[in-house]
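Colleague: Can we go through this model together? I'd like to hear what stands behind each label.

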Amino acid sequence: MQNDINKEVEKHFPSWFKTYASQNPIENNFISDVAKGPLRTVKSYPVYFINGFKYHTQSHGHNRATTNSGVCIKGELMDYYGKITEILEIEYLALPIKHCVLFKCEWFDPTPNVGIKVNCAYNLVEINQRRRLANFEPFVLAMQATQVYYLPFPNLRRDKMDWLAVCKVKPRGIFEMKAARQDKRIESEAFQEEEVERHEINENLPYRDNEPLTSMDNEFVDIGSDEESKSTSELESEFDSIYSENEENCDNNADDSE
């Protein structure tokens with residue numbers, strides 16, 4: 001009964017959605033544009049990079065040393081494994097430009113112990129390469145897929161000739177970091193004072209020429225005794241007397257030489 005309902009939904013939902021969006025007012029322009037359906041022309045790619053994974057179509061990677069066509073989709077009750085046959089990009093009408101990338105896949109049979117075996121003790125998954133998914137559901141969003149690759153068993157194992165071991169691939173550019181202990185102190189931490197004293201300067205205070213200077217503790221600051229501090233006129237007179245004495249000495253020396 002449930003399978004019949006799912007088939008009817010898959011068959012008639014696109015036409016029902018388009019009719020409903022055209023006959024009912026929808027404020028969201030994005031939903032109304034998607035309801036009209038995509039363009040009839042699509043773009044096809046042999047290679048696509050998304051979520052740190054580099055995917056190849058099965059035909060593109062046939063003669064290559066590495067295989068990047070294996071995909072896995074997480075389901076509610078089970079996981080689905082398959083191989084990419086086509087990579088398609090579809091685009092919808094109206095602005096802004098709306099497009100999405102789909103993987104057309106060939107899915108293996110997910111029936112337990114018939115098409116798939118899971119070893120819970122070692123967390124290993126095996127796929128029967130001769131069995132396929134009965135329902136025709138080839139397309140999946142590229143952003144929902146994770147990458148896997150399939151390894152054959154040694155030829156000596158005749159009971160494993162039809163089975164492939166599933167190996168999960170880690171995305172490129174993403175690293176698993178162990179959680180650091182919060183109580184671990186770093187000795188090479190840079191020093192920085194958290195509190196800084198601030199002093200404001202009042203520029204509006206009156207200036208007094210003869211007022212003595214005081215420190216922050218209100219103590220007088222001695223910048224020189226009275227004997228050492230001389231006026232400009234006194235310094236000029238001393239300079240003139242020294243200059244005149246030097247001239248007299250020079251004249252006397254000249255007379256003596258004659």
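**Burial, cores and contacts**

Modeller: Of the protein's 258 residues, 21% count as buried. This is a predicted model, where local features need pLDDT of at least 70, side-chain atom pairs count only at pLDDT 80 or more, and totals for chains, interfaces and linings use all residues. Residues are numbered from 1 along each chain as its sequence is written, and side-chain values use heavy atoms, with hydrogens and water left out.

Colleague: What makes a residue "buried" here?

Modeller: A relative accessible area under 20% (exposed is over 50%, partly exposed in between; 1.4 Å probe, protein chains only).

Colleague: And why is something called a nonpolar core?

Modeller: Because its members are buried Ala, Val, Leu, Ile, Met, Phe, Trp, Tyr or Cys residues joined through side-chain atoms within 4.5 Å. The largest one has 14 residues, and Tyr55, Val71, Ile84, Phe103 and Cys105 have the most contacts inside it.

Colleague: Which strands each supply at least two residues of this core?

Modeller: β3 (53-56), β4 (70-74), β5 (79-92) and β6 (98-107). β6 gives the most, with four residues. Strands are DSSP runs of E, at least two residues, numbered from the N terminus.

Colleague: What is cysteine 105 in contact with, leaving aside neighbours within four places in sequence?

Modeller: Val71, Lys83, Ile84, Thr85, Pro138 and Val140. Contact means heavy atoms within 4.5 Å. Apart from that largest core lies another, of 10 residues, including Cys72, Ile116, Val125 and Leu164.

Colleague: How many of the contacts between residues at least 6 apart in sequence join residues at least 24 apart?

Modeller: 54% of them.
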